[in-house]
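Trainee: Please take one part of this model and walk me through it closely. I would like backbone, rings and burial treated together, then the wider setting.

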Amino acid sequence: MRRADRIRRSTSAVMTSLTAICTITAVGILLVILAYIAMQGVTSLSLNFLIDSPKPVGEGGGIGNAILGSMVLLLLSAAIGLPIGIAVGIYLSEFGAGKFSSLVRFVVDTLTGIPSIVTGVFVYTIVVLPMKHFSALAGGIALALIMVPIVARTTEEMIRLVPHSLREGALALGAPQWRVTLGVVVPAAASGIATGAMLAIARISGETAPLLFTAFGSRFFSHYLDQPIASLTVQIYNYAISPYDEWHAQAWAATLVLMTLILSINIAVRFLTRKKF
């Protein structure tokens, strides 16, 4: 074996080993964090904790209103953010050319790097102040603004990975460009787009700062989108900064519930996209 080949093989083995060590380290740290949260939170979990609303210290209470509120906020933000993000991603990958597309891409990249608290203050200014009160709608809009650039960039990259031969075959059969995009390209990239959507949902599921300025929170079950609404992240924050040990324990339990909720959503979407695509 030549010396150059030996060097290449040695370098490859070293880099593969380093990659494996980094992967094991990252996964190990994640497992330690998850295990610690589970150990701290499982002692406070019960059926009543999952369905009751908060109560004064010493009377128990739960996070039922926060679970429902988080689901409402996620559904509302997904209904607003996913269609816009996917549409922007399709435009940038299939139709975007020239100065306008460059401007759109610049705006998307800029939105990706904006701190979430700035988004919350912005929505507070344009939605909460004119309405003169906090609301679930304002919270959904704030989370949707965080979601849009993530979904748009992921959609653009996933669609770019679709082989050009699929487009050429569909165009050769006489299909118009819009039909090729919606009927061939997007379904071929659907699994990756769904993964990007889940990443965006996982990102906004842990946001607290924008909700403090928009949805604010509530100790009751809310049934109206134009009223303040509870959320798991805000309730965890309020319990964590309180001086009561009972609320600290409930904060750990709520964190465990939030992690389980995000994991369940990811597993469900992975299963559905694997079956279909």
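Mentor: Start with K132, which sits in the loop between α5 and α6 (136-160). Keep in mind that this is a predicted model. The phi of K132 is near 70°. That value is positive, and K132 is not a glycine. Most residues other than glycine have a negative phi. K132 has a relative accessible area of 73%, so it counts as exposed.

A second residue repeats the backbone theme. F216 also has a positive phi, of about 70°, without being a glycine. The loop that holds F216 runs between α10 and α11 (232-240). Is F216 buried, partly exposed or exposed? Its relative accessible area is 45%. Buried needs a value under 20% and exposed one over 50%, so F216 falls in between and is partly exposed.

F216 also leads to the rings. Ring pairs join F216 with Y124, F134 and F213 in a cluster. A pair of aromatic rings is described by the distance of the centres and the angle of the planes. Across the model, the count is 7 aromatic pairs. In one of them, Y124 and F213 have ring centres 6.3 Å apart and planes at 70°, so the pair is edge-to-face. The cut-off for that label is an angle over 60 degrees. This pair ties distant parts of the chain together. Y124 belongs to helix α5 (residues 116-131), F213 to helix α10 (residues 209-213), and 89 residues separate them. What is the burial state of each partner? Y124 has 28% relative accessibility and is therefore partly exposed. F213 is partly exposed too, because its relative accessible area is 29%.

Now compare another ring pair. The rings of Y244 and W247 have centres 5.4 Å apart. Their planes meet at 80°, so this pair is edge-to-face as well. The burial states of the two partners differ: Y244 is partly exposed at 39% relative accessibility, while W247 is buried at 15%.

Next, take Q250. This residue lies in helix α12 (residues 245-276). Why is Q250 called buried? Its relative accessibility is 6%, and the limit is under 20%, so the label follows. The Q250 side chain also has a polar partner: it reaches the backbone oxygen of G60 at 3.1 Å. Leaving out residues up to four places away in sequence, Q250 touches S44, F49, G60, G61 and Y239. G60 thus appears twice, because it is both the polar partner and one of the residues in contact within 4.5 Å.

Finally, the wider setting. The protein has 12 helices and 0 strands. From the N terminus on, the order of elements is α throughout. Along the principal axes, the C-alpha atoms fill a box of roughly 70 × 55 × 35 Å. Of the 277 residues, 37% are buried. Contacts between residues at least 6 apart in sequence join residues at least 24 apart in 74% of cases. The accessible surface comes to about 15500 Å². Carbon and sulfur atoms account for 70% of that surface. As for charge, there are 19 positive and 12 negative charges. Their mean positions lie 14 Å apart.

Definitions and conventions:
Residues numbered from 1 in each chain as written. Heavy atoms only, no water. Helix = DSSP H or I, 4+ residues; strand = E, 2+ residues; numbered from the N terminus. Buried < 20%, exposed > 50% of the residue type's maximum accessible area, 1.4 Å probe, protein only. Polar contact = N/O pair within 3.5 Å; in protein donor to acceptor, adjacent residues only side chain to side chain. Areas by Shrake-Rupley, 256 points an atom, 1.4 Å probe, with all protein chains shown as cover. Lys, Arg positive; Asp, Glu negative; His and termini not counted. Charge placed at Lys NZ, Arg CZ, Asp CG, Glu CD. Phe/Tyr/Trp six-rings, centres within 6.5 Å; stacked < 30°, edge-to-face > 60°.
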